[in-house]
Amino acid sequence: MDRLENANERFERAVKKLQSNLQYLADNDKVSDRFLSTQNQIIKALIDYQHEVNETISQMEWLNVEASLKGSQEYCDLLDIKEAFEALCIIHGIMDFRSWMIRGKGYLVTEAVAHYRQNQVQLPYKLMRMIWRMSEHDRSALWEIFRKYEPKDNEMKHHQMIKSNPVYAGA
């Protein structure tokens, strides 16, 4: 796998160098706009190909792991845990859990730690959809109720978060 990572890094450096060289030629009027357009299409095709290859390799690795585990007790246990987790999400109104899971463990752990440290919670998407459908007056009243029961030391942070976060500001 290290070879693939090294090849990807070399590929990215080569594409950046190619783009840099093309930009130099363009800045010095050495090539036509049509030539630049063609070269940029080639670069885009190469980048798309690299992304597709990496995605295919990832899928194949996952299929390999899945195939090696399938039928084992460990696999069945993991599948049960996954299904229980999905059920728990649905019970709590978290209908967009798949979109969260795609972000990966590192992102989720970072988000969880940040929310914990700031004494915050992320409202479920389904609940936010209901709030977005409310009239502006009802939304304001709801946010006021939330702020009323929030610890006083977090009141200023919460108010700033609502104003700065487009998800909450739009709600």
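# A tour of an all-helix model

Read along the sequence, the elements run α-α-α-α-α-α-α-α-α. The model is a predicted one. Start with the whole protein in a cartoon view: nine helices and zero strands are there to be found.

Now switch to a surface view. The protein exposes about 13700 Å², and 58% of that area comes from carbon and sulfur atoms. Colour the residues by burial next. Of the 171 residues in the protein, 16% are buried. To see how the chain meets itself, turn on the contacts between residues at least 6 apart in sequence; 51% of these join residues at least 24 apart.

The rest of the tour visits charged side chains. Side chains of opposite charge can pair when their charged atoms come close. How many salt bridges does the protein have? The count comes to three.

**Stop one: helix α2.** Select residues 33-69, which make up helix α2. Show the side chains of Lys44 and Asp48, which meet in a salt bridge with 2.8 Å from N to O. The two residues sit four apart in the sequence, about one turn of the helix. Is Asp48 buried, partly exposed or exposed? Asp48 is partly exposed, because its relative accessibility is 38%.

**Stop two: helix α3.** Move on to residues 73-91, helix α3. Select Lys82 and Glu86 here: these residues form a salt bridge, and their closest N and O atoms are 3.0 Å apart. Lys82 and Glu86 are four residues apart in this helix, so about one helical turn separates them. Look at the surroundings of each partner in turn. Lys82 has 44% relative accessibility and counts as partly exposed. Glu86 has a relative accessible area of 15%, and the cut-off for buried is under 20%, so Glu86 counts as buried.

**Stop three: helix α7.** Finish with residues 136-148, helix α7. Select Glu144 and Arg147, the partners of a salt bridge whose closest N and O atoms lie 2.9 Å apart. Along the chain these two are three residues apart, again about one turn of the helix. Which side of the burial cut-off does Arg147 fall on, buried or exposed? Arg147 is buried, because its relative accessible area is 16%. Its partner Glu144 is partly exposed, at 45% relative accessibility.

To review the stops, keep three pairs on display: Lys44 with Asp48, Lys82 with Glu86, and Glu144 with Arg147.

Terms used: Residues numbered from 1 in each chain as written. Predicted model: local features only at pLDDT ≥ 70, side-chain atom pairs only at ≥ 80, totals over all residues. Heavy atoms only, no water. Buried < 20%, exposed > 50% of the residue type's maximum accessible area, 1.4 Å probe, protein only. Contact = heavy atoms within 4.5 Å. Areas by Shrake-Rupley, 256 points an atom, 1.4 Å probe, with all protein chains shown as cover. Salt bridge = Lys/Arg side-chain N within 4 Å of Asp/Glu carboxyl O.
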